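Q: Could you take me through a close look at one part of this model, the site where a metal is held, and then follow the chain outward from there? I am a first-year student, so please explain each term when you use it.

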Amino acid sequence: MIDTHCHLDVPRFEGDREEVLRRAWAAGLTGIVVPAIGPDSWEALLEWPRRDARIQVGLGIHPQLLPELNAADDDAHLARLDELLSRGGAIAVGECGLDGPSETGAPMERQLRVFDAHVKLARKHRLPLLVHCHRAHPHLLRYLKTEAIPEAGLLMHSYSGSADLTPKYVKAGCHFSFAGPVSFLEARRPIEALKVIPLDRLMVETDAPDQAPHPHRGERNEPAHLPLIADALERALNQPLRETLLANTKRFFRIT
Ligand SMILES: [Zn+2]
């Protein structure tokens, strides 16, 4: 089982990262994808897969970080991202995307410009794209009407779209990764969405340290909780999915 989205590099794992990793491998995980949040972590993250090939990284700028970055520096950051991707070592471009609540600090126009640059970089470097879209679906769907997804694929991480939005993303060729909320007792929307997604487009993630699955809701999340999310998907679709999820993840990220 591979965790397709885990922020293992954030300070909340500073004190016990090795323990967290030990628990993840003991829980049966064989890989973890760590998507960068912003420029400060890119170089350090590129070292991680060299130390342990089970950990792979994506490089990008999270839309929730944009309010903290000076807009005048966007182009310089994106040029550096291009240069780092050219060196190799990253398995994906991201995290990137659109975030409705961040609009007050980073207008949607700027978010779209930065996101579009990530799409172009994914295409240029032939890498898949890891996308955050929170309360910004109309913007993303409008964008996808004029711009095709990168050839290597696009993964909607911690997917939260409704069942009527989902077919539009399916049609655009997107993949979907589900996180803790699919396991919540009152979960309706993610389960409805799940039912209209082709099985070969499905993946799972923890999004740790956030979004811990039931019964750890509210606690710091960690990759060892990934089986709880896969269990929730299997319950919702009433069939075993472990092999399908793993095959989808390996194919999407080109992990051998
Ligand atoms: Zn994330």
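A: Along the chain, the donors of the zinc ion follow the spacing H-x1-H-x87-E, where donors are N, O and S atoms within 2.8 Å of the metal (3.2 Å for Na, K and Ca), and sites may look incomplete because water is not among the atoms. This is a predicted model, in which local features need pLDDT of at least 70 and side-chain atom pairs count only at pLDDT 80 or more, while totals for chains, interfaces and linings use all residues. Residues are numbered from 1 along each chain as its sequence is written, and side-chain values use heavy atoms, with hydrogens and water left out.

The zinc ion is coordinated at 2.1 Å by His 5 through NE2, by His 7 through NE2 and by Glu 95 through OE. His 5 sits in the loop between strand 1 (2-3) and helix 1 (17-26), whereas Glu 95 belongs to strand 4 (residues 92-99), so this pair ties together parts that are 90 residues apart in sequence. The names of such elements come from DSSP runs, numbered from the N terminus, with helices being H or I runs of at least four residues and strands being E runs of at least two. His 5 and Glu 95 are both buried, a word that here means under 20% relative accessible area, with exposed meaning over 50% and partly exposed lying in between (1.4 Å probe, protein chains only).

From strand 4, which carries Glu 95, we can step to its neighbour, since 2 bridges join strand 3 to strand 4 and the two run parallel; strands are said to pair if DSSP finds at least two bridges between them. One such link is Leu 59, whose bridge partner in strand 4 is Val 93. On strand 3 (residues 55-59), 5 of the 5 residues are buried, so this strand is largely enclosed by the rest of the structure. Its two faces are both covered, with Ile 55, Val 57 and Leu 59 buried on one side and Gln 56 and Gly 58 buried on the other. Strand 3 also pairs with strand 2 (residues 31-35), in the parallel sense and over 4 bridges, and Val 34 has Val 57 of strand 3 as its bridge partner. Between these two strands the chain passes through helix 2 (residues 42-51), making a β-α-β crossover that is right-handed; this hand means that, with the strands pointing away from the viewer, the path from the first strand over the helix to the second runs clockwise.

Strand 4 also helps to cover another element, helix 5 (residues 137-146), whose buried residues are His 137, Leu 140, Leu 141, Tyr 143 and Leu 144. Seen down the helix axis, these buried residues fall within an arc of 160 degrees, so they line one face of helix 5; the arc is that of the directions from the helix axis to the C-beta atoms. The cover over them includes strand 4, helix 4 (108-124), strand 5 (129-134), strand 6 (154-156) and helix 6 (166-171), where contact means heavy atoms within 4.5 Å. The face turned away from the buried side of helix 5 carries the exposed residues Pro 138, Arg 142, Lys 145 and Thr 146.

Helix 4, one of the elements in that cover, brings us to charged side chains. Side chains of opposite charge can pair when their charged atoms come close. A salt bridge is counted when a side-chain nitrogen of Lys or Arg lies within 4 Å of a carboxyl oxygen of Asp or Glu. Asp 82 and Lys 124 form one, with their closest N and O atoms 2.8 Å apart. This pair links distant parts of the chain, as Asp 82 is in helix 3 (residues 74-87) and Lys 124 in helix 4, 42 residues apart. Asp 82 is buried, with a relative accessible area of 19%, whereas Lys 124 is exposed, at 52%. Lys 120 forms another salt bridge, with Glu 147, the closest N and O atoms being 4.0 Å apart. Here Lys 120 lies in helix 4 and Glu 147 in the loop between helix 5 and strand 6, 27 residues apart. Salt bridges that share partners join Asp 116, Lys 120, Arg 123, Glu 147 and Glu 151 into one network.
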